[in-house]
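Thank you all for coming; I would like to take a few minutes to walk through one structure with you. Please have the sequence and the coordinates open as I speak.

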Amino acid sequence: MKSKFLALEPLGARIEVVEAGKGRDLLFLHGAGGHMIDDPLLAALADKYRVVAPLLPGYGQSGGEDGLRDMLDVTLHTLDVLERLELDNPIVVGHSMGGMIAAEMAAVAHTEIAQLCLIAPAGLWLDDHPVVDIFSKLPYELPALLFHDAEAGSRLLTAGRGNMEDPEFLKQFLVMNARRLGMAGKLLFPIPDRGLAGRLHRITARTLIVWGEDDVLIPPVHGDAFKKAISKSKLVKVAQAGHAVGQEKPAAVLTAIQDFF
Amino acid sequence: MKFTWFHLMPWPHMPDDFRQKHRSVWVDLPNRMYQPELGHIAYHQYLDQLEYAEKVGFDGIGVNEHHANAYGLMPSPNIMAATLTRRTSKAALVVLGNSIALYNPPLRVAEEMAMLDVLSGGRLIAGFPVGTSMDTNYAYGTIPALTREKYAEAHDLIRKAWAADEPFAFNGRYTKLRYVNCWPRPIQNPPPVFIPGGGSVETYDFCIDNTYSYSYLSYSGYLRARLLMDGYWKRVAERKVDESPYRAGFAQVICVADTDAEAERLYGPHVNYFYNRCLHVHPGFADAPGYRTVKTIQTGALSQFTSAAARDYPNMSWKDLTENRYVVAGSPETVRQQLEELIRTLRVGNIFCLLHIGNMPDDKVRHSTKLFAEKVMPHLRNLWPDWQNHDDRFWCHPMHEPVPTRVAAE
């Protein structure tokens with residue numbers, strides 16, 4: 001996987017775009033945690049598709065986050081990025097927060113997005129099935145929230161990380177975390193609902209919804225709610241997978257995408 | 001020197017096994033623990049103590065704002081300050097917090113503070129904290145990364161509302177008002193402003209730009225405050241403004257008894273209650289991502305409550321806490337010496353004296369307060385003779401002849 005950079009007008013924000021693989025164009029929008037090191041989902045998708053994965057401002061080397069304050073800002077920003085990438089009838093895939101952004105894009109610009117894949121997207125609030133408050137979670141709590149197999153998930157999350165006991169590394173980690181989750185908070189804090197429920201009916205894309213059966217962060221019942229609200233949609237639930245279903249069961253998610261599109 | 005007797009108003013009935021049973025004193029502590037009838041007693045005792053502080057000669061009496069917690073029971077400091085306007089007549093009312101990013105519209109703060117200033121005859125000192133992350137983000141739902149922008153806009157609106165003498169339009173990003181028209185207007189225009197800071201570098205400049213006093217509210221004592229306050233004074237020097245000590249204040253936990261040994265006997269358990277129960281904040285609530293700026297994180301400053309969470313308070317003895325000056329405690333002479341060191345090393349003109357601590361009963365609070373007022377304070381009054389021990393820019397300007405309040409029977 002390698003990165004290229006776009007400069008977005010009018011502010012000249014620099015956007016990092018990760019690319020990998022060959023085949024049909026697939027736009028991938030990451031979740032609040034960003035890309036994992038050697039991300040298993042991106043690697044699996046790159047086997048069959050040309051994966052183009054822009055990083056949201058605040059993530060990696062993408063800048064300009066101070067100019068993005070709310071859902072509309074982020075939706076239009078990502079549509080601008082998509083336009084600049086000049087992809088050919090891409091499948092637009094988003095995970096978690098990225099799924100929320102992808103759904104907003106498809107609702108706002110429904111004539112432009114014809115293939116949509118939402119992997120455990122955020123964006124709805126069900127009083128009886130609340131989304132967990134990730135912002136108050138400590139790093140050691142994350143594996144159990146993100147994965148069916150917390151131990152294996154923990155290894156994935158810590159792979160390639162530096163030494164947290166080293167003050168300089170810790171400072172860099174805190175800066176990275178503040179940038180990423182600071183940006184994510186504009187869409188997800190304190191409750192990840194920015195009115196998407198009222199716009200889902202505008203989505204005309206053929207839509208695949210994928211959910212891990214053991215997702216404790218955004219309960220799978222949210223998948224049923226998305227399916228109900230989007231007309232041309234199908235819901236696939238993946239066994240023995242948590243919220244990071246794509247990283248935990250990359251082959252199953254790839255198969256679901258190949259079967260549907 | 002100016003001495004403000006500051007009340008945190010903690011809930012004094014947290015059980016002995018509080019730390020074991022609850023992960024946090026803030027945000028998600030079930031409010032069934034709060035017993036309103038006992039709260040009635042606590043509020044009135046606390047207000048009596050603030051009034052007593054004026055009587056024994058403190059320059060100011062102070063309250064602040066916190067939400068969803070047992071650490072400090074003043075969601076609305078303005079209500080507390082309003083009660084104090086009626087039964088005090090001399091002390092500055094130091095309202096060290098309205099968290100201005102939390103109000104919609106923030107004009108409400110301009111109005112209520114103007115009310116307090118008018119009620120008190122010009123004794124208001126206004127405080128504009130950003131608020132802790134527990135309060136601002138978790139309890140009140142403000143988006144962390146937008147908190148400071150919202151705060152800056154609220155500040156702009158409040159200052160303009162106080163300064164204007166006719167209606168004007170305010171087109172902010174977060175607040176849009178066609179008619180801003182602050183009735184009543186404050187007596188002092190504007191009231192002096194104190195900014196509670198916890199190491200955000202941007203706050204240094206904000207205070208310098210606006211001639212506000214920088215107030216460092218720390219529970220880890222003056223020795224550990226040195227680094228942060230040195231950073232502030234360095235910035236003051238770089239900006240080439242005067243170095244009035246009244247540009248800065250510091251909060252210190254203080255216990256005074258007849259002897260050092262007596263101080264430990266009298267106050268030890270209450271200090272323990274404060275550090276181990278009142279400051280028991282779940283680290284996940286201490287610092288929402290985006291709440292602190294990247295620039296501030298890069299300076300290595302941790303928030304008050306992040307560091308509290310990281311510290312090993314349960315295993316710190318009275319000796320640890322006093323020798324390291326988390327707590328300034330002992331005989332009047334011991335306390336005087338340590339506070340003189342505090343004032344000179346941090347270069348502060350304001351001390352926020354925390355003399356009610358944790359679950360301290362009323363008689364001990366008054367004992368410590370009286371000893372401080374009579375045997376410590378007079379010896380520390382004259383530490384800034386070059387400034388005539390006062391700086392008009394950083395203290396209130398009461399009316400010369402306020403009306404006396406009367407009781408109903410008169």
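Let me begin with a definition: pLDDT is the predictor's confidence in each residue, on a scale from 0 to 100. What we are looking at is a predicted model, and chain B in it averages a pLDDT of 94, with 96% of the residues scoring at least 70. For the complex, the predictor gives an ipTM of 0.94 and a pTM of 0.95. As a general caution, where pLDDT is low, the predicted coordinates should not be read in detail.

I will start with chain B as a whole. Chain B contains 15 helices and eleven strands; its radius of gyration is 20 Å, close to the 22 Å that the globule rule gives for 410 residues, so chain B is as compact as a globular protein of that length. The C-alpha trace of chain B spans about 60 × 50 × 50 Å along its principal axes, and buried residues make up 51% of the 410 residues in this chain. If we take the contacts in chain B with a separation of 6 or more, 78% of them are accounted for by residues 24 or more positions apart.

Now to a strand of chain B. How many of the five residues of β11, residues 350–354 of chain B, are buried? Five of the five are, and the strand is accordingly described as mostly covered. In general, the side chains of a regular strand alternate between the two faces of the sheet. In β11(B) both faces are covered, with Asn350(B), Phe352(B) and Leu354(B) buried on one side and Ile351(B) and Cys353(B) buried on the other. As for its pairing, β1 of chain B, residues 2–6, is joined to β11(B) by four bridges and runs parallel to it, and within that pairing Thr4(B) has Phe352(B) as its bridge partner. Strand β9 of chain B, residues 248–256, is also parallel to β11(B), with five bridges joining the two, and here Val253(B) stands opposite Leu354(B).

Let me turn to two helices, one from each chain. In α7 of chain B, residues 201–210, the buried residues are Thr203(B), Tyr204(B) and Cys207(B); seen down the axis of α7(B), these fall within an arc of 110°, so they line one face of the helix. The general background is that an α-helix has 3.6 residues a turn, so residues three or four places apart point the same way. The cover over the buried residues of α7(B) includes β7 (193–197), β8 (213–217) and α8 (221–238) of chain B. After α7(B) comes Thr211(B), whose phi is positive, near 55°.

In chain A, helix α9, residues 250–260, has Val253(A), Ala256(A) and Ile257(A) as its buried residues, and down the axis of α9(A) these fall within an arc of 95°, so they too line one face of the helix. On the other side of α9(A), Ala251(A) and Asp259(A) are exposed. The elements of chain A against which the buried residues of α9(A) pack include β5 (91–95), β7 (206–212) and β8 (233–238).

Some backbone details deserve a careful look. In chain B, the peptide bond from Asn104(B) to Pro105(B) is cis, with omega near -5°, and Pro105(B) lies in the loop between β3 (92–95) and α4 (107–119). A cis peptide bond also joins Trp183(B) and Pro184(B), with omega about -5°, and Pro184(B) is in the loop between β6 (176–180) and β7 of chain B.

There are also positive phi values in residues other than glycine. Arg325(B), with phi near 65°, sits in the loop between α13 (318–323) and β10 (327–330) of chain B, and it counts as partly exposed because it has 19 C-beta neighbours inside 10 Å. In chain A, Ala120(A) has a phi of about 40° and belongs to the loop between β6 (115–119) and α4 (142–146). Is Ala120(A) buried or exposed? It counts as buried, because it has 29 C-beta neighbours inside 10 Å.

Finally, the interface: 17 residues of chain B are in contact with 18 residues of chain A. On the side of chain B that touches chain A, the elements giving two or more residues are α10 (283–286) and α11 (294–298) of chain B, and by class that side has eleven nonpolar, five polar and one charged residues.

How values were computed. Residues numbered from 1 in each chain as written. Chains lettered and ligands numbered in written order. Predicted model: local features only at pLDDT ≥ 70, side-chain atom pairs only at ≥ 80, totals over all residues. Buried ≥ 20, exposed ≤ 12 C-beta atoms within 10 Å, placed from the backbone. Arc of directions from axis to C-beta. Contact = placed C-beta atoms within 7 Å. Nonpolar A, V, L, I, M, F, W, Y, C, P; charged D, E, K, R; others polar. Rg over C-alpha atoms; globule rule 2.2 N^0.38 Å. Pairing = 2+ DSSP bridges.
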